[in-house]
Amino acid sequence: MDVSQSLSGPEWMVEKAQKCLRTDLFASKSLLITARSLYPRNFRIQFEAYRIEKSARKTAEGAAILLDMFQHFFDEPVLQDELQALIVALQSESQDPSIVILRDMFDSFPPKAKYDILQKTSEHTKNMIEKSRCKLLLMKNFPDSIPLYGVSLAESLIDCEKAEGEKADLNPYRSLLVCEVLPLVIANKQIEVPIKFYAKWLQKSMAYYLSYITQPPRKHEQLATTPVLTSPTHNASSPMKSPCYSRPGFDGPPKEGASDSWEKMHELIIKIAEKCGWNLHVIPKMTGSVSSRFQHLSECHRQQPSDAPAVSKSIFYSTVLLFLKTAFTYASTVDSEAFASTNIGHSTSLLLLEDLNAKLKSKKHKHKKLRLDENDIPLDSDSSDDPGLSSIPANLKVNKSYGITPELIENFETGIDCWKLLYANEYFEKDLNWLLHRWKADTWQWLTSFQTDMMIFKGDFAQALRMLQEKHKQMSSMPLAEVAKDKLKILLQMAACHFRLSQFSSACEMTLDAVSLMPSSETSVSKAVQPEKPSHTSKYTRMLLLLPVTGRELLPYCIHLLLQCYKKKSFHHHSTKDDKALGHMIVLMQYNWPKEESLFSDAIKKIRKQGTFIYSLFFKFIINIDILEEFAFLATEEAGQIEIDLLPPAQRQKVVTRGVVKGGKEDFRIALENQVKRCEENVEFLLKQFLVCERDTLLEHLM
């Protein structure tokens with residue numbers, strides 16, 4: 001009897017129904033109908049009946065049983081899992097039959113049942129992400145509940161983010177807050193909260209969008225490839241079980257690109273301005289050029305009292321947004337390798353450098369200039385290191401082949417204008433510094449790079465140098481292979497700043513360090529394409545260059561900078577005789593020959609005037625035929641009584657006196673003939689070898 005009783009119980013009926021299901025669906029359903037009548041409070045029977053109706057895609061029947069179980073068996077763990085699967089299905093757009101049937105059953109519930117299921121499930125759920133999603137579904141399906149739950153949900157997400165120790169702005173809590181909760185809360189006209197709440201939400205939203213926009217490309221790839229939703233009933237490792245760490249793609253606004261995020265921030269500023277009563281007329285539209293948007297903000301700032309909150313807040317946040325957008329557009333373009341997702345059309349990073357050819361016409365009257373003897377050389381004829389250059393407006397050269405378009409320059413200059421406007425107002429400056437501190441903006445490499453370039457543009461070389469030195473110091477502990485390219489860029493900008501500050505020895509040292517980091521394969525190619533001429537020039541204009549970070553483009557700049565340094569030393573009015581410095585200078589002249597022919601002529605005049613010239617590296621690094629011919633002539637009696645010694649010590653047979661004496665003359669002739677055979681060698685390769693191998697000697701003669 002005991003065995004018979006156990007077989008005729010609810011367990012037996014469930015097992016029998018399961019067996020019949022394989023061959024006779026109606027017999028199985030009949031058994032379960034009987035079982036439900038006999039045992040109305042047996043959860044296993046109820047759930048098995050629900051499962052059969054769900055598998056048969058019987059929406060109404062399955063919904064009725066699910067609703068009955070919700071009302072009588074809510075605490076059952078299996079039912080809780082099914083309700084979680086229902087919540088996930090409601091958020092999914094998947095057409096999988098197992099997902100669609102859950103959505104259809106929910107749609108068939110009466111409104112009160114929908115409300116009760118979402119509300120009670122959210123209260124029962126302990127995980128904050130799952131709880132928030134339930135509340136979100138509740139608010140989306142029942143807008144009248146937004147005033148009841150919206151603000152508390154937003155604040156709870158902020159508190160949980162803090163409690164979990166989330167340091168990154170891209171995290172599940174912030175994503176729900178910014179992308180889903182706040183749009184509902186801010187758009188609801190019944191919700192009124194203190195202005196400090198709106199300010200906090202705006203600050204956190206902007207930080208979130210900025211982190212999403214400026215993250216490395218691989219993060220964007222994750223967002224595109226990681227599924228957003230997964231049903232717990234179909235995946236044992238469901239992200240709902242551990243939402244903070246199992247969902248690597250859940251850290252950005254789904255289905256949005258960077259441009260959409262800028263628009264989202266702009267829309268958010270407008271909505272919060274409406275809520276706070278700020279002046280909406282001040283906020284420029286996203287259409288039109290960035291420079292026109294800045295002009296609108298600048299005009300509003302000039303015409304209206306900026307201490308009025310309704311005006312100042314609108315101007316402040318709009319200017320901050322425009323500054324960040326233009327600064328990032330510029331930074332991500334010039335550092336395209338780090339921001340490949342921005343689709344800028346070229347893959348080589350660019351580097352902002354001073355055009356060392358910049359000259360200022362003397363403001364002195366002609367009668368005040370010192371008279372020169374006929375044998376004197378017009379020394380220091382250029383003013384490329386004149387401190388006065390720092391106060392002169394700078395212009396960037398357009399070069400479309402490098403991706404340097406007028407739009408890029410417009411973004412750069414507008415970003416600088418925004419920065420000036422923000423720091424021209426003490427209230428704006430205070431609020432901006434607070435925002436940047438809250439956002440930990442000092443860790444944004446793109447912003448640091450923009451600020452450095454901005455200081456160079458403004459001619460504040462001392463401040464730019466301090467920022468570059470700090471970045472260089474941070475890289476000193478990193479493996480060289482990882483930071484070689486960034487270090488190359490920093491060294492060259494440091495060199496240009498040192499040059500402008502007339503610190504020629506340091507400029508030379510930084511330049512030589514940069515050359516050593518250039519891949520040798522990049523320099524054995526043809527010379528760089530010359531940039532297009534600027535559309536407007538002035539005799540009192542500083543020019544800046546944006547050069548691709550390749551040996552092909554940067555080696556010529558390095559050579560020119562070194563040549564300018566040696567020119568200052570060798571041709572200075574009070575310089576002492578230094579043949580090595582002059583010889584180094586002649587070696588460097590070979591690169592840009594024949595454009596340096598005039599400078600070479602000045603060097604020959606100096607040699608003639610001093611009557612002697614000794615340079616043991618001559619036959620190792622000088623192969624230019626014109627230079628060789630000139631020195632061949634200097635060795636003749638016709639050139640005058642000039643004492644020259646160009647042979648390395650190992651090849652000398654006799655001490656050279658006036659001219660090249662009889663044994664030494666023959667050695668010189670043979671060496672010169674051999675040197676002529678080298679005239680077709682690659683000058684770039686030779687000069688790079690010279691800069692690397694003779695680094696110590698080059699630095700020694702600039703001290």
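Analyst: A residue is termed buried under 20% relative accessible area, exposed over 50% and partly exposed in between (1.4 Å probe, protein chains only). The model is predicted, so that local features need pLDDT of at least 70 and side-chain atom pairs pLDDT 80 or more, while totals for chains, interfaces and linings use all residues. Residues are numbered from 1 along each chain as its sequence is written, and side-chain values use heavy atoms, leaving out hydrogens and water.

User: Why does His498 count as buried?

Analyst: His498 has 7% relative accessibility and therefore counts as buried. His498 belongs to helix α21, residues 480-500 (helices are DSSP runs of H or I, at least four residues; strands are E runs of at least two; both are numbered from the N terminus).

User: What does His498 touch, not counting residues up to four places away in sequence?

Analyst: With contact meaning heavy atoms within 4.5 Å, His498 touches Leu465, Gln469, Gln503, Ser506, Ala507 and Met510 beyond that sequence window of four places.

User: How do you know that the span of helix α8 agrees with its 14 residues?

Analyst: The expected span is 1.5 Å times one less than the number of residues, so the 14 residues of α8 (residues 111-124) should span 20 Å, and the end C-alpha atoms are indeed 20 Å apart. Among the buried residues of α8 are Ala113, Ile117 and Leu118, and the buried residues of this helix pack against α5, α6, α7, α9 and α10.

User: What makes β1 and β2 edge strands?

Analyst: Two strands pair if DSSP finds at least two bridges between them. The open sheet has the order β1-β3-β2 with mixed pairing, and β1 (350-354) and β2 (394-396) each pair on one side only. Five bridges join β1 to β3 (residues 542-548), and these strands run antiparallel.
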